[in-house]
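Work through the exercises below with the sequence and the structure in view. Each task is followed by a solution in steps.

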Amino acid sequence: MTLPAINVKKLVKRFGTATVLQDIDLEVPEGKVSCLIGPSGSGKSTLLRCMAFLEESSEGMITVNGEALGFFENARGERERLPAAQIRAVRSQIGMVFQQFNLWPHMTALGNVSEALKTVHKVPKTEAEDRAMAQLKKVGLENRANHYPSQLSGGQQQRVAIARALTLSPKIMLFDEPTSALDPELTGEVLNVMRDLAAEGMTMVVVSHEIGFAATVGNQISFLDQGRLLFTGAPADVFAKPRHPRLEQFLDTYLDRGASMLV
Amino acid sequence: MIFDPNVILKHLPEIIQGTGVTLALWIAGMAFGIALGFLVATTRRYGGKATNVVLAIPVEILRGTPFLVQIFLVYYGGPFAGLSLGPIPCGLICLTVYSAAYYSEVFRAGFAAVPHGHVEAAECLGLSRVQIIRRILLPEMALIVLPPSVNLAVILLKESAVLSIITVPELTTTISAIGSQEYAFLEAIFLLAVIYWAIVEASAKLGRIAEARLSTFRFSAP
């Protein structure tokens, strides 16, 4: 068996006195699409943000391709924080796409995509822009390279954000509700880019309310409710014959809307 | 009383010199104040909770007391604490520290106005804290902090007139002296108002030009 791309073990996350994630165990298989589904406030976004080290977990461990992310267990079994350079190195294997795109408004699409190459990796400007242009081409936006985010539609902005996350050639891509801020007509173009990425064999973790996408593109579905991971399985097990009563109840609302046709 | 412009012409060299002192103190005090204020704002943002609370105390005291009182305290009270300063160094230090307190608040608000997600996106791509400040936060907040910064600059110029109290040879001191010397108070005070107002208008104009340049990326058409 190959090593999981991301391995989450006994993860706990507390905000003050509120426990938002409780004993999460999850293996993200390499080269597959893992979807996190669940109602609002179930902790799925927090779990994804822990995987990107945007939130620091309170207990437990996360490893990325076998390397500890943020914290490690020392010889006495205590949790210790890793040095910043090491955290950055592990994080560099991960690309993150946000619900709100989070493009930098003062840079063009090309500027956004080439920024990390230029600033972090000191790649010369022309080479960085060539590589950025190749990524923009991949998401079908090479003719929008010199547009500022304010001049792009939501769907185009999210595609630029995906190109930006891809420029550093991450091994894993995390998507935090990538289509939730888009109107329905624009979700398609973003989901298509994600489908292409999945077809190339990218390891992906997707938090989404797009049950149709989860059912057709997802290889592994995890269902969270009230900070607990209730069920992980293949799409057919999750959508066709939901065994867990809470999952069944959650899916009912979607199946009513015709998602059952997809599985 | 008859308005006599000859009084002004006669003393033109002194007036120019006084204007020069005011401009130099104002610009230097503001430049140092912006630098110190930026340092305070970044330290408060990244230095942890305790640092933030400790630094809030001097900022609040400086913003909560009149500039006149601060100058008196440093100029006349300073020697008792072993700090004997001439009028010009004292004036420059007071202007710097006073404006730094206000500028630190302007920058604090500027930092807060940049959506946190923009910083997170940069963190995910491996940008260091300094790179995030330089490449993301500063350019994004420039447009937000510019109008209050220009406003503050104007207020600071007018506050600098208070330095005449401790005999700094700036514009107000110079022109008041001419007024007494020539018994021409109306001419003197009128001229004083005109010069301050001209500098304020010029700096406001510069501010508007800078704002228009910075805002291209927000408003330009596709």
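**Exercise 1. The elements of chain B**

Which pattern does chain B follow, read along the sequence?

Solution. The model is a predicted one. Step 1: go along chain B and note each element in turn; the pattern reads α-α-α-α-α-α-α-α-α-α. Step 2: count by type, which gives 10 helices and zero strands. Step 3: turn to the dimensions, where the C-alpha trace of chain B spans about 70 × 55 × 25 Å along its principal axes.

**Exercise 2. Burial and contacts in chain B**

State what percentage of the residues of chain B count as buried, and how its contacts are spread along the sequence.

Solution. Step 1: chain B has 222 residues, and 32% of them count as buried. Step 2: take the contacts in chain B between residues at least 6 apart in sequence; 77% of these join residues at least 24 apart.

**Exercise 3. A helix of chain A**

Is helix α3 of chain A mostly covered or mostly open? Find what packs against its buried residues.

Solution. Step 1: helix α3 of chain A runs over residues 109–119, and 10 of its 11 residues are buried, so by the cut-off of 20 or more other C-beta atoms within 10 Å the helix is mostly covered. Step 2: the buried residues include A:Ala109, A:Val113, A:Leu117 and A:Thr119. Step 3: the buried residues of α3(A) pack against α4 (125–138) and α5 (154–166) of chain A, and also against α7 (129–159) of chain B.

**Exercise 4. Where the chains touch**

How many residues does each chain give to the contact?

Solution. Step 1: chain A gives 21 residues and chain B gives 16. Step 2: on the side of chain A that touches chain B, α2 (84–91) and α3 each supply at least two residues. Step 3: the largest share of that side, three residues, comes from α3(A). Step 4: sorted by character, the residues of this side of chain A are 10 nonpolar, eight polar and three charged.

**Exercise 5. Nonpolar cores**

Describe the largest nonpolar core and one core apart from it.

Solution. Step 1: the largest core has 113 residues, and A:Met51, A:Ala52, A:Val97, A:Leu136 and A:Leu174 have the most contacts inside it. Step 2: its largest share, 12 residues, comes from helix α5 (residues 87–113) of chain B. Step 3: another core, of eight residues, lies apart from it, with B:Ile15, B:Ile178, B:Ala184 and B:Leu192 among them.

Terms used. Residues are numbered from 1 along each chain as its sequence is written. Chains are lettered from A and ligands numbered from 1 in the order in which they are written. This is a predicted model: local features need pLDDT of at least 70, side-chain atom pairs count only at pLDDT 80 or more; totals for chains, interfaces and linings use all residues. A residue is buried if 20 or more other C-beta atoms lie within 10 Å of its own, exposed if 12 or fewer, and partly exposed in between; C-beta atoms are placed from the backbone. Helices (H or I, at least four residues) and strands (E, at least two) are DSSP runs, numbered from the N terminus. Two residues are in contact if their C-beta atoms, placed from the backbone, lie within 7 Å. Ala, Val, Leu, Ile, Met, Phe, Trp, Tyr, Cys and Pro count as nonpolar, Asp, Glu, Lys and Arg as charged, and the others, Gly among them, as polar. A nonpolar core is a set of buried Ala, Val, Leu, Ile, Met, Phe, Trp, Tyr and Cys residues joined through C-beta atoms within 7 Å.
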